[in-house]
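Trainee: Could you take me through one part of this model closely, namely its largest nonpolar core? I would like to see which residues hold the centre of that picture and what lies around them.

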Amino acid sequence: MYVCNCNGLRKRDVALAIEAGAARPREIFARNQCQAQCAKCVCEMRQMIDDSREAFALAAE
């Protein structure tokens, strides 16, 4: 499934960037060597970052 149609970023591309330490959409774009264009994907990226943080926090308990 595509998260960013402009850059062709799939959900797994975003997830890998988050796992590698990206904490902002800007960092996800940088890790994938692209940049935001229409920015419709930024909300979904932020949600994926938040979900990842929550999962990590639960695992740490």
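Mentor: Happy to. In this predicted model, the largest nonpolar core has 14 residues, and the members that touch the most others are Val14, Ile28, Phe29 and Met45. At least two core residues come from each of E1, H1, H2 and H3, and H3 gives the largest share, with four. As a general background, nonpolar side chains in soluble globular proteins tend to be buried together.

Let's start with valine 14. Leaving aside residues up to four places away in sequence, valine 14 touches Val3, Leu9, Ile28, Met45 and Met48. Two of those partners, Ile28 and Met45, are also among the core members with the most contacts to other members.

Now for the helix around it. H1 covers residues 11-19, and Val14, Ala17 and Ile18 are buried there. Viewed down the helix axis, the buried residues of H1 fall within an arc of 100 degrees, so they line one face. That buried set packs against strand E1 (2-4), strand E2 (9-10), helix H2 (25-31) and helix H3 (42-60). On the face turned away from the buried side you will find Arg12, Leu16 and Glu19, which are exposed; note that a leucine is in that exposed group. After H1 comes glycine 21, with a positive phi near 115 degrees.

Glycine 21 leads us to H2, by way of arginine 31. This arginine is found in H2, and its contacts, not counting residues up to four places away in sequence, are Ala17, Ala20, Gly21 and Ala22. Ala17 is one of the buried residues of H1, while arginine 31 itself is partly exposed, at a relative accessible area of 46%. For a distance to check in your viewer, the C-alpha atoms of arginine 31 and isoleucine 18 lie 9.4 Å apart, with their positions 13 residues apart in sequence.

Stepping back, the chain has three helices and two strands, in the order β-β-α-α-α along the sequence. Its radius of gyration is 11 Å, close to the 10 Å that the globule rule gives for 61 residues, so the chain is as compact as a globular protein of that length. The C-alpha trace spans about 40 × 15 × 15 Å along its principal axes. Buried residues make up 25% of the 61 residues. Of the contacts with a separation of 6 or more, 44% join residues 24 or more positions apart.

The cysteines deserve a look too. A search of the whole structure finds zero disulfides. Cysteine 38 is in none, and its nearest cysteine sulfur, in cysteine 6, is 3.6 Å away. For cysteine 41, the closest cysteine sulfur belongs to cysteine 4 at 3.8 Å, which is too far for a bond, because a disulfide needs the two sulfur atoms within 2.5 Å. The surroundings of the two residues can be told apart as well: cysteine 41 is buried, with a relative accessible area of 6%, whereas cysteine 38 is partly exposed at 45%.

Finally, the record: an unreviewed UniProt entry places the feature "domain: BFD-like [2Fe-2S]-binding" at residues 2-50. Over residues 2-50 the chain is 51% helix and 10% strand, and the end C-alpha atoms are 18 Å apart.

Methods:
Residues numbered from 1 in each chain as written. Predicted model: local features only at pLDDT ≥ 70, side-chain atom pairs only at ≥ 80, totals over all residues. Heavy atoms only, no water. Buried < 20%, exposed > 50% of the residue type's maximum accessible area, 1.4 Å probe, protein only. UniProt positions renumbered as here; feature names shortened; annotations may be inferred. Arc of directions from axis to C-beta. Contact = heavy atoms within 4.5 Å. Core = buried A, V, L, I, M, F, W, Y, C linked by side-chain atoms within 4.5 Å. Rg over C-alpha atoms; globule rule 2.2 N^0.38 Å.
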